[in-house]
Amino acid sequence: MWVEFWGLIFDIFFILIVFSFFEHRRQRLQGIQNQQEIIDDYKRWDSPEAHFRIAGAVRRLNKLGIYALQLSGLRQTDFSFSTCQIGSIKGSIFYDGTWGGAAIR
């Protein structure tokens with residue numbers, strides 16, 4: 001009877017570990033997606049608030065190990081990634097080959 005009891009306990013712990021791994025992975029991917037949405041929302045807005053929000057989102061993505069970002073259409077004047085303490089934007093795309101559209105007007 002004790003053998004079955006310890007087998008049940010082992011099964012419960014194993015299932016909890018597997019589920020917690022998948023939940024952690026889902027939360028991480030959701031966090032990455034949220035930060036990328038913030039960048040998409042503010043990248044065409046040239047204001048100090050947009051600068052702070054984009055810099056914060058890029059810093060949070062850098063902490064998660066994401067450096068290659070889609071920054072095409074970024075409209076920021078007097079903005080520097082290095083002065084905002086952003087470590088790396090290696091592999092980021094600033095120009096996607098299009099000349100813009102109606103949203104640029």
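The structure holds 3 salt bridges, in what is a predicted model. Take E23 and R26 to begin with: their closest N and O atoms sit 2.5 Å apart. Both residues belong to helix α1, where a spacing of 3 residues amounts to about one turn of the helix. Neither end is hidden away: E23 is partly exposed at 33% relative accessible area, and R26 is partly exposed at 43%.

D40 pairs up with K43, with 3.5 Å between the closest N and O atoms. Here the two partners part ways in accessibility, since D40 comes out partly exposed at 44%, while K43 is buried at just 7%, under the 20% cut-off.

That leaves E49 and R53, whose side chains meet in a salt bridge with an N to O distance of 3.0 Å. They are 4 residues apart in helix α2, so about one helical turn separates them. E49 is partly exposed, at 37% relative accessible area, and R53 is too, at 39%.

E49 and R53 also turn up where the helices meet. The axes of α1 (residues 2–42) and α2 (residues 48–63) come within 9 Å of each other and cross at roughly 155°. Because angles over 145 degrees count as roughly antiparallel, that is how α1 runs relative to α2. The crossing itself is left-handed. On the α1 side, the contact is made by I32, Q35, Q36, I38, I39 and Y42; facing them from α2 are E49, A50, R53, I54, A57, V58, R60 and L61. Sorted by type, the residues of this contact come to 9 nonpolar, 2 polar and 3 charged.

How values were computed: Residues numbered from 1 in each chain as written. Predicted model: local features only at pLDDT ≥ 70, side-chain atom pairs only at ≥ 80, totals over all residues. Heavy atoms only, no water. Axes fitted to C-alpha atoms, helices over the stretch in contact; angles between N-to-C directions. Helix = DSSP H or I, 4+ residues; strand = E, 2+ residues; numbered from the N terminus. Parallel < 35°, antiparallel > 145°, perpendicular 65-115°, else oblique. Left-handed = near helix turned anticlockwise from the far one by under 90°. Contact = heavy atoms within 4.5 Å. Nonpolar A, V, L, I, M, F, W, Y, C, P; charged D, E, K, R; others polar. Salt bridge = Lys/Arg side-chain N within 4 Å of Asp/Glu carboxyl O. Buried < 20%, exposed > 50% of the residue type's maximum accessible area, 1.4 Å probe, protein only.
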